[in-house]
Amino acid sequence: MTTEQGPAPLAERLRARGLRLTPQRQQVLAAVAELDHATPEAIGARLREQAGPGGAAPDTSTVYRTLELLERLGLVWHTHLGKGAPVYHASEHPHLHVVCASCGEISSADPALLEEAAERLAADLGFTLDVGHVALSGTCRRCRDAGTPQE
């Protein structure tokens, strides 16, 4: 992975905390970037698929621990999109999550859409909104046009 937050910054961040850059950590970070909005289970499944029948892939507990570490390092964020496991995505592009309650489609939206609401929350409640974890639920255009009811 050669993005801004690829191996070099990851290795540096890990070393600064006395940790190593393991193949499992690299694999999990790469899978998060490839899948975008994936659950830990989906990330693990992708790694098993890539490893093939005889290959070694990190087990589920390693995937969860690695995701927690990568989040503490600021490389990934998690978002709860409703019921079920959180989804993970790279932190390099903050965005809102818009989830269709009918079909489950996940779209990304510019966090600036909530600037006014964030300012109001800060002024009224002293609350700082973390847009990287925001998920808005509603009905997508396709389901609305088709008259599909929300579940």
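**Entry 1: the two domains**

What distance separates the centres of domain 1 and domain 2, taken over C-alpha atoms? I looked this up before anything else, and the centres lie 25 Å apart. I note here that the model is predicted. The domain assignment places residues 9–90 in domain 1 and residues 94–150 in domain 2. I then turned to the contacts between the two parts. On the side of domain 1, 8 residues take part, and they are in contact with 10 residues of domain 2.

**Entry 2: the chain as a whole**

I recorded the extent of the C-alpha trace, which spans about 45 × 40 × 25 Å along its principal axes. For secondary structure I found 6 helices and 5 strands. Following the sequence, I wrote down the pattern α-α-α-α-β-β-β-β-α-β-α. The chain has 151 residues, of which 34% are buried. I also checked how far apart in sequence the contacting residues are. Taking contacts between residues at least 6 apart, I found that 54% join residues at least 24 apart.

**Entry 3: the largest pocket**

I next examined the largest pocket, which holds about 270 Å³ of space. Its lining consists of 13 residues, and those closest to the centre are Leu81, Gly82, Lys83, Val99 and Ala101. Two elements, β3 (96–100) and β5 (135–138), each give two or more residues to this lining. The most comes from β5, with 3 residues. Sorted by class, the lining has 7 nonpolar residues, 4 polar and 2 charged.

Where does the largest pocket lie with respect to domain 1 and domain 2? I concluded that it lies between them, because both domains give residues to its lining.

**Entry 4: His37**

I closed with a single residue, His37. In the sequence, I located His37 in the loop that runs between α2 (23–35) and α3 (40–51). Is His37 buried or exposed? Its relative accessible area is 14%, and the cut-off for buried is under 20%, so I entered His37 as buried.

I then listed its surroundings. Leaving aside residues up to four places away in sequence, His37 touches Val87, Tyr88, His89, His95, His97, Ile106 and Ser108. With one of these, His95, I found a polar contact between side chains, at 3.0 Å. I also compared the list with the domain bounds: His37 falls within 9–90, the range of domain 1, whereas His95, its partner in the polar contact, falls within 94–150, the range of domain 2.

Notes: Residues numbered from 1 in each chain as written. Predicted model: local features only at pLDDT ≥ 70, side-chain atom pairs only at ≥ 80, totals over all residues. Heavy atoms only, no water. Helix = DSSP H or I, 4+ residues; strand = E, 2+ residues; numbered from the N terminus. Buried < 20%, exposed > 50% of the residue type's maximum accessible area, 1.4 Å probe, protein only. Polar contact = N/O pair within 3.5 Å; in protein donor to acceptor, adjacent residues only side chain to side chain. Contact = heavy atoms within 4.5 Å. 1 Å grid on protein atoms, 1.4 Å probe; cavity = no way out; pocket = protein on both sides within 12 Å on 5 of 7 lines; lining within 4 Å. Points joined across faces, edges and corners; volume = space filled by probe spheres on them. Nonpolar A, V, L, I, M, F, W, Y, C, P; charged D, E, K, R; others polar. Domains from an automatic or database assignment.
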